[in-house]
Amino acid sequence: MTVARKSIGERLAQLEAQRKTLQIRLSKQERAIDTRRKVLIGALVLHRLENDRDVQIGGGLAEWLRRELPKFLTRDGDRDLFDDLLKPQANELSLGNIGSGSAV
């Protein structure tokens, strides 16, 4: 019984297929890492908004998000996910009330 040798072209095609498979695996791994980083950063931001009463962190961050998120989010479905953050809170000062001594 003789074993047929693969031609150089066949070997190159096999190596190219392996390279594509590895490239797909690498891309999937990089996307997973990117997603995990986003989830962790988001969790930190949400934790600070919920737990820090310090105006520098909680209040400043909330205001910054209200200002920046609408420009960043392009799909209505994405905006809906952040309705609770984008609407001013009842216990925060509005621009119209600053200096009048009243809080909303």
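This is a short talk on the fold, one pocket and one surface patch of the structure above.

Okay, a caveat before we start. What you see is a predicted model.

Fold first. The protein chain has four helices. Strands: zero. Read from the N terminus, the order of elements is α-α-α-α. Helix α1 covers residues 8–51. Helix α2 runs over 55–72, and α3 over 76–81.

Next, burial. The protein chain has 104 residues, and 11% of them are buried. With buried, I mean under 20% relative accessible area.

Now the pocket. I'm taking the second largest one. Its volume comes out at about 540 Å³. Which residues lie nearest the centre of the second largest pocket? They are G42, L65, L69, F72 and F82. The full lining of this pocket counts 18 residues.

Where does that lining come from? Helices α1, α2 and α3 each give at least two residues to it. The largest share is from α1, with eight residues.

And the chemistry? By class, twelve lining residues of the second largest pocket are nonpolar. Five are charged, and one is polar.

Last stop, the surface. Which residues form a nonpolar patch there? I8, L12 and L15 do. Together, these three have about 330 Å² of accessible area. L15 sits in helix α1. That is the helix with the largest share of the pocket lining we just went through.

To recap: four helices in the chain, a second largest pocket lined by 18 residues, and a nonpolar surface patch of I8, L12 and L15.

That's it from me. Thanks.

Notes
Residues numbered from 1 in each chain as written. Predicted model: local features only at pLDDT ≥ 70, side-chain atom pairs only at ≥ 80, totals over all residues. Heavy atoms only, no water. Patch = residues over 30% accessible without salt bridge, like charges linked within 9 Å, V, L, I, M, F, W, Y side chains within 5 Å. Areas by Shrake-Rupley, 256 points an atom, 1.4 Å probe, with all protein chains shown as cover. Salt bridge = Lys/Arg side-chain N within 4 Å of Asp/Glu carboxyl O. 1 Å grid on protein atoms, 1.4 Å probe; cavity = no way out; pocket = protein on both sides within 12 Å on 5 of 7 lines; lining within 4 Å. Points joined across faces, edges and corners; volume = space filled by probe spheres on them. Nonpolar A, V, L, I, M, F, W, Y, C, P; charged D, E, K, R; others polar. Buried < 20%, exposed > 50% of the residue type's maximum accessible area, 1.4 Å probe, protein only.
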